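Below is a short report on one protein structure. The sequence and the structure come before the text.

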Amino acid sequence: MKIADVDCFVCRAPLRKPIWSIQPWREGYMRVAHFIESVIVKISSSDGLEGYGQAVGVRFHGPDILFIGSECEKLVDEIVSPRIKGESYFDNEVLWRRLHGALKDKAYGRTVLSAVDVALWDLKGKALGVPVYRLLGGAYRKKIRLYASKVPGIANINDEEEINVLAERLKDLREKGYTSFKIGGGLGVEADVESVRVARETVGAECKIMLDTACVYSFKDALRLGRSLQDLDVEWFETPSPAYDMESYVKLSRELDVKIATDAHPEPGQICRLLSKGGIDVVLSDVTAGGGITVSKRIVELTDLYNVEFSTHVGWHVSAVGYAASAHLSASAPNLNFQEGRIHFRDNPLGNPILKTPLKIEDGYLYVPDGAGLGIEVDEEALMKYRIESA
């Protein structure tokens, strides 16, 4: 029941189709990714078990996408491994606190902590022979409603080709069974309004539409956009303003009928401040970026206390390991509305191709894997095809 070894694999894989709408760098400009990069952590035990976790492998800097995997691997080797080897993996939350203290001042400390934490939950579940969702208190649901994310919005309201591409993408996703859609905005107030208008006309009144503007707007512009979104029956308006401007979130939540959502505040303390001021309606938390299942579980409990909706965030970098971990969190959240469903997952080489039995995604739902731990079996031979060596 002791931790025997900690391995870190940085995996990068090309995508068959580029991801166009990751997050705008500024109004009218979208980043494009032609690859997926994930940090995979494997924790081996003295009794022959293995737990897997995954975290993001990239960060944004201006218009660029930076590779951070080698820095994460270094933190695992130099800080994580010496602190947890020989310890009981049943003490996963005690180990989380120990690692949080050691990593909190490191540039990618939260990233590394996310992957290690998920791996420890996986290992603990395997040792006990139960799914992670049971360790989290049980499953409120065994299949998770996904929203299709992020569907690229339009940047030029006069470009008929852009408008037609958006409509066709939405029609295709609708045919695949999705009934909820998140538009990637932040491309200008008028452009975002037009994107939502096209989406509403395309998918109909019965479907849910969300808009994510990636923190680009001032309070004044966010308020103007929010008023238009109310008229278009938008489910939520995500990250309208910079994360540091928490007062904008509070004022927008008070002045608008549309729900205000955030995935830009990963710390439970930040969420406490927003909740106590009535400044948020939907909170999104990501197990592969925010500090792992342990942090996201706390945020679920906080939002539930305040009768606020919770949604499981899933970044574009997600692997099958991160998707499975997200599903277990979603299953255990009493106040879940949706889980983010990445529309490129079927084409993701680090998705189902690295599993011996694929995750089931059907008609806009992700089925929670029911085996011990995360309920998945990683095909390490397939995974190692994408491993890159650290510099």
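The report covers the nonpolar cores, one pocket and two single residues.

**Nonpolar cores**

The structure is a predicted model. Its largest nonpolar core holds 119 residues. V41, I43, I84, V116, Y323 and L359 are the residues with the most contacts inside this core. Helix 3, which spans residues 109-128, supplies the largest share of the core, nine residues. Another core lies apart from it and has seven residues, including Y147, A261, V282 and F338.

I43 can serve as an example from the largest core. Neighbours within four places in sequence are left aside here; beyond them, I43 is in contact with I3, D5, V6, L49, E50, G51, I84, V116, A119, L120 and L123. Among these partners are I84 and V116, which are also listed with the residues that have the most contacts inside the core.

**The second largest pocket**

The second largest pocket encloses about 570 Å³ of space. Its lining is made of 23 residues, and K17, L173, I343, H344 and D347 are those that lie nearest the centre. Two or more lining residues come from each of these elements: strand 1 (3-19), strand 8 (143-152), helix 5 (160-175) and strand 16 (361-362). By residue class, the lining consists of 10 nonpolar, three polar and 10 charged residues.

**N337 and Y306**

The table sets out the accessibility of two residues.

| Residue | Relative accessibility | Class |
|---|---|---|
| N337 | 15% relative accessibility | buried |
| Y306 | 43% relative accessibility | partly exposed |

N337 is placed in strand 15, residues 336-342. Why does N337 count as buried? Its relative accessibility is 15%, and the cut-off for buried is under 20%. The side chain of N337 is joined to that of E309 by a polar contact of 2.6 Å. With neighbours within four places in sequence left aside, the contacts of N337 are W236, V282, E309, F310 and S311. One of these, V282, is a member of the core of seven residues.

Y306 sits in the loop between helix 10 (293-305) and strand 14 (309-312). Y306 counts as partly exposed because its relative accessibility of 43% falls between the 20% and 50% cut-offs. Outside its neighbours within four places in sequence, Y306 is in contact with L275 and S276. The C-alpha atom of Y306 is separated by 9.0 Å from that of G278, and these two residues are 28 residues apart along the chain.

Definitions and conventions: Residues numbered from 1 in each chain as written. Predicted model: local features only at pLDDT ≥ 70, side-chain atom pairs only at ≥ 80, totals over all residues. Heavy atoms only, no water. Core = buried A, V, L, I, M, F, W, Y, C linked by side-chain atoms within 4.5 Å. Buried < 20%, exposed > 50% of the residue type's maximum accessible area, 1.4 Å probe, protein only. Helix = DSSP H or I, 4+ residues; strand = E, 2+ residues; numbered from the N terminus. Contact = heavy atoms within 4.5 Å. Polar contact = N/O pair within 3.5 Å; in protein donor to acceptor, adjacent residues only side chain to side chain. 1 Å grid on protein atoms, 1.4 Å probe; cavity = no way out; pocket = protein on both sides within 12 Å on 5 of 7 lines; lining within 4 Å. Points joined across faces, edges and corners; volume = space filled by probe spheres on them. Nonpolar A, V, L, I, M, F, W, Y, C, P; charged D, E, K, R; others polar.
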